[in-house]
Amino acid sequence: MSDKSAIRDAFSKASATYDAHAAFQRDVGERLLASMPSDLSGQVVLDVGCGTGYFSWQLQQRGAKVICLDLSSDMLAAARARCGDVNILYQLGDAEQLPLQAGSVDYVFSSLALQWCEDLALPLKEMRRVVKKGGEIVFSTLLDGSLDELKSAWRNIDSYQHVNDFITVNQLKLALAQSESLNHHLDLPAVTVWYETAFSLMRDLKGIGANHVSGRSPGLMSRQTLRKLEQAYQVFQNQEGLLPATYQVCLGVIHR
């Protein structure tokens, strides 16, 4: 997942469709937001990987001065359309090289963006650098085991990689140690989203821009392949006929 231009392009293309397909992302972000103060008046909050600004707006409503940062200029444009220009700044940038001065923000908020970084220690180091002493970093990312049902279904069809790999809990803990983020708290829930069809899950992943996969089969997916995927996914069907997509989530708080 090191091809940042491809990742940026996928999210840019999804800027107009993201909100319609991001129910899971909103769920995780709401859980993360619950760990922050309800009154952020006078605080500067950096939203890393802000996307369409859904949580930037909520942080803004809590009184914070928000810096929206994203790799995609189209996502930043969508965030501006939602949040306006009062008490908010927009910054094109990379989580691994934050374009901010050391100790310049009170909080960093980053929900489901860091899994696109090849080495989690790099953005964690950068976020620690820009947060003031006494400040906090709240972040969420995906861990190994996420979308295992989809991976399993695809293994019955071909040998290409159709789903990105995610870091293990041990790799997460190593990244925290390497970034000197020693004072932290982690919550590791499994979150399951239910779908009527495997195609609906695939449509959501494409709709949010999470469809850049290294090693993917070249060319468009045929109807026959999609039918095979639907059949392979049926083994996970519950009694109501719904299909699960399970995510292993990390909700983290780092105290600076």
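Y54, F55 and F109 come together as one aromatic cluster in this predicted model. Within the cluster, the rings of Y54 and F55 have centres 4.9 Å apart and planes at 80°, so this pair is edge-to-face. The two partners differ in their cover: Y54 counts as partly exposed because its relative accessibility is 27%, whereas F55, with a relative accessible area of 9%, is buried. The next residue along, S56, belongs to helix α3, which spans residues 54–61. With a relative accessibility of 0%, S56 counts as buried. Leaving aside residues up to four places away in sequence, S56 touches D47, C50, V66, C68, C83 and I88.

The aromatic pairs number five. One of them brings F24 and Y247 together, with ring centres 3.9 Å apart and planes at 15°; the angle is under 30 degrees, so the pair is stacked. This pair links distant parts of the chain, as F24 sits in helix α2 (residues 23–33) and Y247 in strand β8 (residues 243–255), 223 residues apart. Both partners fall under the 20% limit for buried residues: F24 has a relative accessibility of 6%, and Y247 has a relative accessible area of 5%.

Strand β8 turns up again in the surroundings of two helices, α5 and α6. Helix α5, residues 121–130, is mostly covered, with seven of its 10 residues buried. These buried positions are A121, P123, L124, E126, M127, R128 and V130, a list in which the charged side chains of E126 and R128 appear alongside L124, M127 and V130. The cover over the buried part of α5 includes strands β1 (44–48), β4 (105–111), β5 (131–143) and β8, together with helix α7 (169–178).

Helix α6, residues 148–155, offers a further example, with E149, L150, K151, A153 and W154 as its buried residues. What do the buried residues of α6 pack against? Their partners are two helices, α8 (198–207) and α9 (223–233), and strand β8. A point of helix geometry is handy when looking at such lists: an α-helix has 3.6 residues a turn, so residues three or four places apart point the same way.

Seen as a whole, the chain has nine helices and eight strands. How does its radius of gyration agree with that of a compact globule? For 256 residues, such a globule would have a value near 18 Å, and the chain has 18 Å, so the two agree. Along the principal axes, the C-alpha atoms fill a box of roughly 55 × 40 × 35 Å. Contacts that span long stretches of sequence are well represented: among those between residues at least 6 apart, 75% join residues at least 24 apart. The stacked pair of F24 and Y247 gives a concrete view of such a link, its partners being 223 residues apart.

Turning to cover and surface, 50% of the 256 residues count as buried. The accessible surface of the chain is about 12,300 Å², and carbon and sulfur atoms contribute 48% of that area. As for charge, the chain carries 24 positive and 28 negative side chains, and the centres of these two sets are 3 Å apart.

Methods: Residues numbered from 1 in each chain as written. Predicted model: local features only at pLDDT ≥ 70, side-chain atom pairs only at ≥ 80, totals over all residues. Heavy atoms only, no water. Helix = DSSP H or I, 4+ residues; strand = E, 2+ residues; numbered from the N terminus. Rg over C-alpha atoms; globule rule 2.2 N^0.38 Å. Buried < 20%, exposed > 50% of the residue type's maximum accessible area, 1.4 Å probe, protein only. Contact = heavy atoms within 4.5 Å. Areas by Shrake-Rupley, 256 points an atom, 1.4 Å probe, with all protein chains shown as cover. Charge placed at Lys NZ, Arg CZ, Asp CG, Glu CD. Phe/Tyr/Trp six-rings, centres within 6.5 Å; stacked < 30°, edge-to-face > 60°.
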